[in-house]
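Trainee: Got a minute? I'd like to walk through this one with you.
Mentor: Sure, pull it up and ask away.

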Amino acid sequence: VLSLRNFSRTDEAAFKAVDIHEGLDSTLLILQYRLKARPDRPAITVHPDYGDLPPVSCYPSQLNQVFMNLLANAIDALEAVLSKESGPPAQITIRTRCVGTDQVAITIADNGPGIPDRIKHRLFEPFFTTKPIGKGTGMGLSISYQIITEQHHGTLTCDATPGQGTAFTIHLPIQQGAQTHPLAAVQ
């Protein structure tokens, strides 16, 4: 219950400084059922490689939604491969680090099938999806991109190699200036 509360952060709609790792861990706990082994596939392992991060100014519930979208997509990609063939163990790596003195980077990487070059440029378009009909709306990456770039003044990039995996990296400023976040004038 505490992890669900930490994830949703319904009581925290405003900008505030939070522990990014707490949001990642709460998201992983919610997704734990999707990571476990099933009769049709082995477990997906998660390797957290957390750096020493200061509290980061953000909208916690929105940032947790981005983590959920990126992790769920990684799991989906790995499940597609796991159900068809036996190969290297499926894994997701979550790496956090400081970049200079004013930014943090969060990378969520999988060793799944990767993304073909011909569609990489479309990943953040609304309604674009590579999933079969009924398996997604195609809005997760588009919404995630908007949350990171428009609400948090950061960047969301994708590095993918077909057959080797995909890594999404979020760069966020540690502190948001009063003039930079959209609700500053309203508050």
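**Around the sheet**

Mentor: Let's begin at α5: right after α5 comes H153, with a positive phi near 55°. Helices (H or I, at least four residues) and strands (E, at least two) are DSSP runs, numbered from the N terminus.

Trainee: Where is the place of H153?

Mentor: H153 is in the loop between α5 and β6. Its positive phi comes although H153 is not a glycine.

Trainee: Hang on, what kind of model is this?

Mentor: It's a predicted model, where local features need pLDDT of at least 70 and side-chain atom pairs count only at pLDDT 80 or more, while totals for chains, interfaces and linings use all residues. Residues are numbered from 1 along each chain as its sequence is written, and side-chain values use heavy atoms, with hydrogens and water left out.

Trainee: Okay. So is H153 buried or exposed, or something in between?

Mentor: H153 counts as partly exposed, because its relative accessibility is 37%. Buried means under 20% relative accessible area, exposed over 50%, and partly exposed in between (1.4 Å probe, protein chains only).

Trainee: And which residues of α5 are buried?

Mentor: L141, S142, S144, I147 and I148 are buried there. What covers the buried residues of α5 includes α3 (60–82), β6 and β7.

Trainee: New topic: what order do the strands take in the sheet?

Mentor: There are five strands in an open sheet, ordered β2-β4-β5-β7-β6, with mixed pairing. β2 (45–49) and β6 (155–161) are the edge strands, so named because each pairs on one side only. Two strands pair if DSSP finds at least two bridges between them.

Trainee: What holds paired strands together?

Mentor: Strands of a sheet pair through backbone hydrogen bonds, either parallel or antiparallel.

Trainee: In which sense do β2 and β4 pair?

Mentor: That pairing is parallel, over five bridges, and P48 stands opposite I94 in β4. β4 (residues 91–99) and β5 (residues 103–110) pair in the antiparallel sense over eight bridges. T96 stands opposite I106 in β5, and C98 has V104 in β5 as its bridge partner.

Trainee: What about the hairpin of β4 and β5?

Mentor: Three residues sit between the strands there, and G100 takes a positive phi near 65°.

Trainee: Let's pick one residue in β4. What's T93 in contact with?

Mentor: T93 is found in strand β4. Leaving aside neighbours within four places in sequence, T93 is in contact with H47, T107, I108 and A109. Contact means heavy atoms within 4.5 Å. T93 counts as buried because its relative accessible area is 18%.

Trainee: Now α2. Where does α2 bend?

Mentor: α2 bends by about 40° at L29. The bend at a residue is the angle between axes fitted to the seven residues ending there and the seven starting there.

Trainee: What span should α2 have?

Mentor: At 1.5 Å a residue, its 16 residues should span 22 Å, and the end C-alpha atoms are 21 Å apart, which agrees. The expected span of a helix is 1.5 Å times one less than its number of residues.

Trainee: Does the α5 length work the same way, I mean, what span should α5 have?

Mentor: The 12 residues of α5 should span 16 Å at 1.5 Å a residue, and its end C-alpha atoms are 15 Å apart, which agrees.

Trainee: Last one: which residues of α2 are buried?

Mentor: The buried ones are I20, H21, G23, L24, S26, T27, L28, L31, R34 and L35.
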